[in-house]
Amino acid sequence: MPRLALYAGSFDPITNGHADLIRRSLSFVDQIVVAVATNVAKQPLFTTAERTAMIHAALEHDPRVEVREFDGLLVDFAKAAGIRMIIRGLRAVSDFEYEYQMALMNRHLAPELETVFMVPSLDTTYISSSLVREIAKFGGDVTGLVHADTAAALRKKFAR
Ligand code: COA
């Protein structure tokens, strides 16, 4: 049986921090499903299709990475996909409280699911999608924070 994991988020856009976690996860799972949330409270800059394309490009079209959209509860998506491992990243102590609560709530909803917390590489711990969007919006350089294709997509989006 292949080992599967689920990594969910809004990925608006995917950053080098997300890509680092996905690559690290692929050292102990065979395949990772990247679930792009379409119903988060945040107003996204990129469409789901754009976010999906950027994830594929950022992971160099790795066949072990499957990108899917979801718009309900994460646990329902995981169950339907036959996945029992949820990957989450802990960038700083400030992430912990929210992540801990979410992991316990997901366990309450689906006890068979396990949340695995990963430590991202030190040089990506300060990255977030909203900071990347803000830098790009004001014409700043996002090199080193996102994949070159994502940087180009941000330039195009804010050139309008
Ligand atoms: N590197 C860089 N940035 C990272 C990161 C990493 N390793 N890990 C997280 N981030 C960033 C994200 O880009 C995001 O940045 P932003 O707020 O600037 O956009 C921020 O940290 C928060 O990330 P995350 O907690 O993953 O939020 P999200 O909005 O991307 O995704 C869902 C949250 C979709 C996973 C969650 O809301 C969910 O599961 N929703 C489904 C509904 C559900 O089941 N609800 C019940 C939950 S108990």
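Biologist: Which kind of unit do E1, helix H1 and E2 make?

Modeller: This is a predicted model. In it, E1, helix H1 (residues 16–25) and E2 make a right-handed β-α-β unit.

Biologist: What makes a crossover right-handed?

Modeller: Point the strands away from the viewer and follow the path from the first strand over the helix to the second. If that path runs clockwise, the crossover is right-handed. The unit of E1, H1 and E2 has that hand.

Biologist: Which hand has the β-α-β unit of E2, helix H2 and E3?

Modeller: Right-handed. Its helix, H2, covers residues 48–58.

Biologist: How do you know that E1 and E2 pair, and in which sense?

Modeller: Two strands pair if there are at least two bridges between them. E1 (residues 4–9) and E2 have 6 bridges, in the parallel sense. Therefore the two count as paired. Within this pair, Leu4 is opposite Gln31 of E2.

Biologist: Over how many bridges do E2 and strand E3 pair?

Modeller: Over 6 bridges, in the parallel sense. E3 spans residues 65–70. Here Val34 faces Val67 of E3.

Biologist: What makes strand E2 "mostly covered"?

Modeller: E2 runs from residue 31 to residue 37, and 6 of its 7 residues are buried. Buried means under 20% relative accessible area.

Biologist: Why is Thr52 called buried?

Modeller: Thr52 sits in helix H2. Its relative accessibility is 17%. The cut-off is under 20%, so Thr52 counts as buried.

Biologist: Which residues is Thr52 in contact with, leaving aside its neighbours within four places in sequence?

Modeller: Val36 and Val67. The Thr52 side chain also reaches the backbone oxygen of Thr48, at 2.8 Å. A polar contact needs a pair of N or O atoms within 3.5 Å, so that distance meets the limit.

Biologist: Why is Thr150 called buried?

Modeller: Thr150 belongs to helix H6. Its relative accessible area is 1%. That is under 20%, so the residue is buried. Setting aside residues up to four places away in sequence, Thr150 touches Pro13, Ile14 and Met54.

Biologist: How many residues apart along the chain are Thr52 and Thr150, and what separates their C-alpha atoms?

Modeller: They are 98 residues apart along the chain. Their C-alpha atoms are separated by 11 Å.

Biologist: Why is Gly140 called partly exposed?

Modeller: Gly140 lies in the loop between helix H5 (129–137) and helix H6 (148–159). Its relative accessibility is 35%. Buried is under 20% and exposed is over 50%, so 35% falls in between. Gly140 is 125 residues from Thr15 in sequence, and 15 Å from it in space, C-alpha to C-alpha.

Biologist: What makes the peptide bond from Asp12 to Pro13 notable, cis or trans?

Modeller: It is cis, with omega near 5°. Most peptide bonds are trans. Pro13 lies in the loop between E1 and H1.

Biologist: What is phi of Glu60 near, and what is its sign?

Modeller: Phi of Glu60 is near 55°, a positive value in a residue other than glycine. His61 also has a positive phi, about 55°, and is not a glycine either. Most residues other than glycine have a negative phi. Glu60 is in the loop between H2 and E3, and His61 is in the loop between H2 and E3 too.

Biologist: Why is Glu60 counted as it is, buried or exposed?

Modeller: Glu60 has 56% relative accessibility. Exposed means over 50%, so Glu60 counts as exposed. His61 has 57%, so His61 is exposed by that cut-off as well.

Biologist: How many residues surround the ligand, and which are the closest?

Modeller: 26 residues surround the ligand. The closest are Ser10, Leu74, Arg91, Ser129 and Ser130.

Biologist: How do you know that Ser130 makes a polar contact with the ligand?

Modeller: An N or O atom in the Ser130 side chain is 2.4 Å from an oxygen atom of the ligand. The limit is 3.5 Å, so this pair counts. A polar side-chain atom of Ser129 lies 2.8 Å from a ligand oxygen. For Leu74, a backbone N or O atom is 2.8 Å from an oxygen atom of the ligand.

Biologist: What part of the ligand's exposed area does the protein bury?

Modeller: Taken alone, the ligand exposes 950 Å². The protein buries 84% of that.

Technical notes. Residues numbered from 1 in each chain as written. Predicted model: local features only at pLDDT ≥ 70, side-chain atom pairs only at ≥ 80, totals over all residues. Heavy atoms only, no water. Buried < 20%, exposed > 50% of the residue type's maximum accessible area, 1.4 Å probe, protein only. Helix = DSSP H or I, 4+ residues; strand = E, 2+ residues; numbered from the N terminus. Near = heavy atom within 4 Å. Polar contact = N/O pair within 3.5 Å; in protein donor to acceptor, adjacent residues only side chain to side chain. Areas by Shrake-Rupley, 256 points an atom, 1.4 Å probe, with all protein chains shown as cover. Contact = heavy atoms within 4.5 Å.
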